[in-house]
Amino acid sequence: MRNIVVVGASVAGLRAVETLRREGFEGDITLVSGEPHAPYDRPPLSKQILTSEIGPAELQYREIDWFAQQEVTLRLGEHAEQLDVRAKRLRIGGQWLRYDGLIVATGARARKLHTGRALKGIHTLRTIDDALAIRESILPGTRVVIIGAGFVGSEVASSAASSGAQVTLLEVAETAMSRAVGAQLGHVFARLHEEFGVNLVCKARVTGFGGNDRVQFVRLADGWELPADLVVVGIGVEPNTEWLSDSGLTLDDGLLCDDTLNAGPETVYAAGDVVAWPNAWWGGVMRGEQWLVAADQGMHAAQNLLLGRARARPFSTIPYFWTDQYGCRIQVAGRTDLGEAVSLIGDPSQRPFLCAYRHGNEITGVFAIDAPRAFATLRSRMQQHRGFATATEGVSALADAD
Ligand SMILES: Cc1cc2nc3c(=O)[nH]c(=O)nc-3n(C[C@H](O)[C@H](O)[C@H](O)COP(=O)(O)OP(=O)(O)OC[C@H]3O[C@@H](n4cnc5c(N)ncnc54)[C@H](O)[C@@H]3O)c2cc1C
């Protein structure tokens with residue numbers, strides 16, 4: 001292999017490039033990015049970027065010189081438009097670019113709410129440009145309506161509230177964050193929003209927006225019209241796979257790969273939010289939307305591409321994500337959709353709080369607020385399949401580890 005192309009220059013794509021060089025690959029590397037910015041960190045977009053003056057340069061993973069030093073050709077602001085796996089080439093800006101090895105890391109984009117009217121003041125949040133536009137509009141007293149109380153929506157609510165905005169958070173489900181942590185613990189988030197003055201409205205279905213040129217209100221299914229100066233839509237993501245539509249690769253809520261992150265042809269691997277793959281730990285096909293999973297997959301896909309199909313290793317992981325809301329560090333690992341939640345530190349109305357999701361004696365998931373050390377201990381017990389039979393046993397296992 002003399003020429004590897006990585007498409008998508010966020011955490012998965014960048015980790016892939018770093019790994020290729022670290023593993024001694026000396027051939028040509030091209031990193032293609034649809035965005036005009038050098039690779040940057042996305043999680044701060046709903047956190048520090050909205051609450052402070054920091055700008056794009058502070059989020060950059062690498063100085064631009066690093067790419068030149070590593071002899072990586074960085075193609076910023078260019079989209080891969082089509083993939084021809086038989087001829088091993090992809091089309092960018094109307095020109096074909098050949099590759100010997102390809103890593104697809106095109107991630108995901110924010111899902112839009114299709115209500116027919118495009119009004120100013122309605123935003124989604126996925127890129128640095130989105131975040132800067134939102135920040136500009138959040139002022140003390142601004143009426144901010146956020147649609148979707150998943151982790152991006154909840155973090156924006158927290159950031160906007162800390163800037164003095166009047167925040168309403170609309171959620172179609174019974175409670176906040178329920179997709180990520182289940183309904184049982186979703187109430188923890190509901191309480192947090194309430195404590196910090198955010199008006200969380202659940203079972204709220206948005207049907208449209210009103211205003212002339214700029215949004216003035218959000219309309220709900222029950223006819224309620226909620227005044228708004230700024231709307232942020234946080235209703236999940238869609239994987240960026242359109243450019244692969246006639247490639248012959250399998251697309252099914254992402255680019256379907258095998259357990260080694262191989263997409264079918266020997267020379268095509270994939271990593272990050274775009275990938276659906278059979279995760280042995282999970283027990284089925286999943287698509288991650290977590291920073292750490294994307295970073296690990298970037299490294300793994302690069303290693304497997306260099307190893308070749310016969311020696312490629314499976315990628316199995318316990319999904320992990322963190323979220324920062326109202327000054328609290330919240331961490332979640334594993335499966336929160338299985339078993340019952342057992343409190344081991346505090347109770348859901350307190351901080352710190354730690355609970356294990358338990359199925360039989362097995363720990364399937366861990367959830368913590370402001371308890372990072374205990375979280376790490378419990379996560380490693382989960383990894384080692386060292387569960388516990390009773391909550392008391394779990395509490396004393398934590399105390400022993402301490
Ligand atoms: C606001 C926000 C906050 C977050 N906070 C957290 C958090 O606290 N904790 C956590 O675990 N995770 C968090 N995440 C999720 C995390 O950022 C993602 O899981 C991670 O960014 C996925 O990385 P990726 O490399 O797979 O893809 P992405 O970050 O989605 O990047 C893909 C890149 O590929 C480019 N691209 C797409 N199509 C093409 C094409 N055809 N040609 C060229 N380039 C293309 C895109 O423009 C983009 O730059 C957050 C995400 C957001 C948006």
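Start by selecting C202 in this predicted model: its sulfur lies 18 Å from the closest cysteine sulfur, the one in C328, and that is too far for a bond. A disulfide is a covalent bond between the sulfur atoms of two cysteines. The cut-off used here is a pair of cysteine sulfur atoms within 2.5 Å, and by this rule the count of disulfides comes to zero. Next, select C355, which is likewise in no disulfide, since the nearest cysteine sulfur, that of C328, is 15 Å away. With a surface display switched on, look at how these residues sit in the protein: C202 counts as partly exposed because its relative accessibility is 25%, whereas C355 is buried, with a relative accessible area of 1%.

**The domains**

Now step back to the whole chain and colour it by domain. Domain 1 takes in 3-109 + 239-311, domain 2 takes in 112-233, and domain 3 takes in 327-401. If you place a marker at the centre of domain 1 and another at the centre of domain 3, taken over C-alpha atoms, the two are separated by 33 Å.

Then select residues 320-386, which UniProt lists, in an unreviewed entry, under "domain: Reductase C-terminal". How much of this stretch is helix and how much is strand? Over residues 320-386 the chain is 18% helix and 51% strand, and the C-alpha atoms at its ends are 18 Å apart.

**The sheet of strands 4, 5 and 6**

Select residues 80-84 and 95-98, which are strand 4 and strand 6, and add residues 89-92, which are strand 5. Together they make an open sheet of three strands in the order 4-5-6, with antiparallel pairing. Strand 4 and strand 6 stand at the edges, each with a single partner strand, so one side of each is left without a neighbour in the sheet. Direction ignored, neighbouring strands of this sheet are turned by 30° against each other on average.

Begin with the pairing of strand 4 and strand 5, which run antiparallel and are joined by four bridges. Here A80 stands opposite I92 in strand 5. The two strands form a hairpin with four residues between them, and in the turn you can pick out K88, which has a positive phi of about 50°.

Move on to strand 5 and strand 6, which pair in the antiparallel sense, again over four bridges. Within this pairing, R89 stands opposite R98 in strand 6, and the bridge partner of I92 in strand 6 is Q95. The hairpin of strand 5 and strand 6 has two residues between the strands, and G93 in this hairpin takes a positive phi near 55°.

Before leaving this sheet, show the side chains of strand 5. Which of them are buried? The side chains alternate along the strand, so that L90 and I92 point to one face and are buried, while R89 and R91 point to the other face and are not.

**The sheet of strands 13, 14 and 15**

Select residues 206-210 and 225-227, which are strand 13 and strand 15, together with residues 217-220, which are strand 14. This is an open sheet of three strands in the order 13-14-15, with antiparallel pairing. Strand 13 and strand 15 are the edge strands, and each pairs on one side only. Neighbouring strands of this sheet are turned by 25° against each other on average, direction ignored. Strand 13 and strand 14 run antiparallel and are joined by four bridges; among the contacts to find here, the bridge partner of G208 in strand 14 is R219.

**The aromatic pairs**

For the last stops, show the aromatic side chains, among which the structure holds nine pairs. A pair of aromatic rings is described by the distance of the centres and the angle of the planes. Select W66 and F67, an edge-to-face pair with 5.0 Å from centre to centre and 90° between the planes; both W66 and F67 are buried.

Then select Y320 and F375, whose ring centres are 5.8 Å apart and whose planes are at 50°, so the pair is tilted. This pair links distant parts of the chain, with Y320 in strand 22 (residues 320-325) and F375 in helix 9 (residues 372-383), 55 residues apart. Y320 is buried, and F375 is buried as well. To finish, add W291 and W322 to the selection: W291, Y320, W322 and F375 form one aromatic cluster.

Technical notes. Residues numbered from 1 in each chain as written. Predicted model: local features only at pLDDT ≥ 70, side-chain atom pairs only at ≥ 80, totals over all residues. Heavy atoms only, no water. Buried < 20%, exposed > 50% of the residue type's maximum accessible area, 1.4 Å probe, protein only. Pairing = 2+ DSSP bridges. Axes fitted to C-alpha atoms, helices over the stretch in contact; angles between N-to-C directions. Domains from an automatic or database assignment. UniProt positions renumbered as here; feature names shortened; annotations may be inferred. Phe/Tyr/Trp six-rings, centres within 6.5 Å; stacked < 30°, edge-to-face > 60°.
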